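Student: I am new to this structure and would like to be walked through it. Could we look at it together?

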Amino acid sequence: MRKNMAVDKSLVSGSTTMLLLKLLSEKDMYGYEMIEELKKRSENVFALKAGTLYPLLHGMEDKGLLTCYEQEFQGKVRKYYSITGKGRKELQERKNSWQEYSHAVASVLCCGV
Amino acid sequence: MRNIMNRTEYLKSLTEQIRNKNAKTLVLEEITAHIEDQKQAYLLDGMGEDEAEEMAVKEMGNPVDTGVQLDKIHRPKTDVWMLAAMLVLTLIGIVMQSIICLQYNDLSVIQNTYHTRTIYYNLIGLLVMAIVYFADYRLLNRFIWPIYGVYLAGSVFFLHTPAFGEYYQHLRFGQAIHILFVPLFAVFCYRFREQKGKGILKAFGLLLFNILFLLFSGAFTSATMLLSFMTCLITLCAAAYRGVFGGRKKLQGSILTASIIGIPLLFFGDVLLFDGRFLFLAEYQIQRIRVMLNPAAYAAQAGYQTMLVRDQLSSASLLGGGTVGKVGELSGAWCDYVLICLTAYFGLIVAFLVIGIIAAYFLRALHISLMQSNRLGFLLGVSCSSILILKTVVYVAMNFGIGLTVSIDMPFLTYGLYCSVVNFLFMGIILSVYRNTNLLPEPKKTPPRHSLRIERATGK
């Protein structure tokens, strides 16, 4: 049981990184905007807490997958994140891994009746 | 009863986990903005002020967990390889300069303390590097106008003092002054951010002003001036492509790239086709370009050094040699021809290894600068890396008999106090930028002139 919980936790973390990269591959966003967009697109399945989001974003920035800049929007200065070339490459690799994984899961689920 | 944390308690609890002071500020601003956004959303949903605030903080999650995760990310970075390579290359430079100086016979030209002086000069350079490495590079932005004022006043003063009257001192100091403008220019580019074409014109205007000012002050060292000018253009181009000025960055970048390629072509074209008439080049400058293109035709005159270098290179062995060769007997070889002397003394394999390490060092410096999110750090790193790379390229070309015969120093290898201090200063800036990756928030824009005057009057 404990082993399954460990796997699930890392799967969630890995998926979230991929999902955030996907959002940013479409347009630059700030933190709150990412949480709302993720919630909307996943129909509230992915309700990411800010306390989880920012370590992920800062970690990706540190690895060169994202850059950030400040911009004024509706009178507020916000920190926007932008995906880099390295980030796009990482996104593609993660998407490929995910597709391989989900295909394998689907195959197993379909085979066992 | 469950203990509900308020915003202040949450932020305090989170930032307490982050050890780096600068990172705390960075994180605090972003998290506070997020809480505000969340609160606004709840208010729009019809919640009351207090309830919205409480829910917004609750939505943030556990502050200690978040703070611990952020602390792991926000730590000063140390590039051990670059620091180690710097020490190794400095040692190689000291050894080579000592070898050349000790083998030089004409004691009317060289003093017998040069080989010990070079140790002191490098130690001073390393000390300067260490001070800058641990400093906050944003101070350059904060005090840019006083610094630039001191730079201009200092240039005029020192170029006209008797102590710098001797030609050699005057030349080296003039070179240092031109090169020192490069990081200052990077800061000014940052200052002109988001001003689109106007910002680029301001930067370009400042660049021209600086060149003319130094020319009229007597710092006329054409090669270094041109190198500094090209580096500033490269910095401007990098700023444009990065979007520092705002507006159409690809168009801005393309125009500036065309200038960088066009200007050297203009010089060579003017000399080759019109004898330097259009650019009003001095005769010795025209001669230098002609010698560079065909040194054999001037072998008995200005091309002598280039032909000597080629001759020595063609007879260099793969390993060993044990002598600095005829080039090492040229006056100033301990400055201008250290690399060809190293080739003669230790062999081609060792020479290419040293060039490889130096090239890898500066390319890494450029890479870490290009990765900076902080635009000020990006511009400082790119400008300092670029000038060091350009100097290296010109020096290596000259030492392999294929470039202009000019007085340019090579980082690590060239003897001299000014060049050692300036090169190590630039390396310190690059490493400081890297050290503070993702730690330093960008300096905020200063308010417009009229309110700045008010702030000054109230002592802010």
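Tutor: The following conversation goes through the two chains, their contact and their cores. Please keep in mind that this is a predicted model.

Student: Let's start with chain A. How many helices and strands does chain A have?

Tutor: Chain A has four helices and three strands. Along the sequence these follow the pattern α-β-α-α-β-β-α.

Student: In what order do the three strands lie in the sheet?

Tutor: The order is E1-E3-E2 in an open sheet of chain A, and the pairing is antiparallel. The edge strands are E1 (29–30) and E2 (66–73) of chain A, each pairing on one side only.

Student: How many bridges join E2(A) to E3(A)?

Tutor: Eight bridges join E2(A) to E3(A), while two bridges join E1(A) to E3(A), which covers residues 76–83.

Student: And which residue is the bridge partner of Met29(A) in E3(A)?

Tutor: The partner of Met29(A) is Tyr81(A). Cys68(A) also stands opposite Tyr81(A).

Student: What about the hairpin of E2(A) and E3(A): how many residues are between the strands?

Tutor: There are two residues between the strands, and in this hairpin Gln74(A) takes a positive phi near 50°. A positive phi also occurs at Glu43(A), near 55°, following helix H2 of chain A.

Student: Since you mention that helix, which residues of H2(A) are buried?

Tutor: In H2(A), which spans residues 31–41, the buried residues are Gly31(A), Met34(A), Ile35(A) and Leu38(A). They cover an arc of only 100° around the axis, which puts them on the same side of H2(A).

Student: Why would residues three or four places apart point the same way?

Tutor: An α-helix has 3.6 residues a turn, so residues with that spacing point the same way.

Student: Changing topic to chain B: how many helices and strands are there in chain B?

Tutor: Chain B has 20 helices and zero strands. Its C-alpha trace spans about 95 × 50 × 40 Å along the principal axes.

Student: What share of chain B is buried?

Tutor: Buried residues make up 41% of the 460 residues in chain B. In chain A, 25% of the 113 residues count as buried.

Student: Which domains does the assignment give for chain B?

Tutor: The assignment gives domain 1 (7–70) and domain 2 (80–435). Taken over C-alpha atoms, the centres of these two domains of chain B are separated by 48 Å.

Student: Now the contact between the chains. How many residues does each chain bring to the contact?

Tutor: The contact takes 19 residues from chain B and 19 residues from chain A. On the side of chain B that touches chain A, helix H2 (21–44) and helix H4 (63–73) of chain B each supply at least two residues. H2(B) gives the most, with six residues.

Student: How do the residues on that side of chain B divide into nonpolar, polar and charged?

Tutor: The side of chain B that touches chain A has six nonpolar, eight polar and five charged residues.

Student: Next, the cores. How many residues has the largest nonpolar core?

Tutor: The largest nonpolar core has 97 residues, and among those with the most contacts inside it are Ile100(B), Leu236(B) and Val338(B). Helix H9 (residues 167–191) of chain B gives the largest share of this core, 13 residues. A second, separate core of 35 residues includes Tyr30(A), Leu65(A), Leu91(A) and Ile31(B).

Student: You named Val338(B). Which residues does Val338(B) touch, leaving out those up to four places away in sequence?

Tutor: Not counting those neighbours, Val338(B) touches Met96(B), Gln97(B), Ile100(B), Met410(B), Leu413(B) and Thr414(B).

Student: I noticed Pro183(B) in helix H9 of chain B. Is Pro183(B) buried or exposed?

Tutor: Pro183(B) counts as buried because 24 C-beta neighbours lie inside 10 Å, and the cut-off is 20 or more. Beyond residues up to four places away in sequence, Pro183(B) touches Leu140(B), Leu380(B), Ser383(B), Cys384(B) and Ile429(B).

Student: One last helix: which residues of H14 of chain B are buried?

Tutor: In H14(B), residues 304–314, the buried ones are Thr306(B), Leu308(B), Val309(B) and Gln312(B). Seen down the helix axis, they fall within an arc of 160°, so they line one face of H14(B). What covers them includes helix H13 (283–293), helix H16 (338–346) and helix H18 (375–399) of chain B.

Definitions and conventions: Residues numbered from 1 in each chain as written. Chains lettered and ligands numbered in written order. Predicted model: local features only at pLDDT ≥ 70, side-chain atom pairs only at ≥ 80, totals over all residues. Buried ≥ 20, exposed ≤ 12 C-beta atoms within 10 Å, placed from the backbone. Arc of directions from axis to C-beta. Contact = placed C-beta atoms within 7 Å. Nonpolar A, V, L, I, M, F, W, Y, C, P; charged D, E, K, R; others polar. Core = buried A, V, L, I, M, F, W, Y, C linked by C-beta atoms within 7 Å. Domains from an automatic or database assignment. Pairing = 2+ DSSP bridges.
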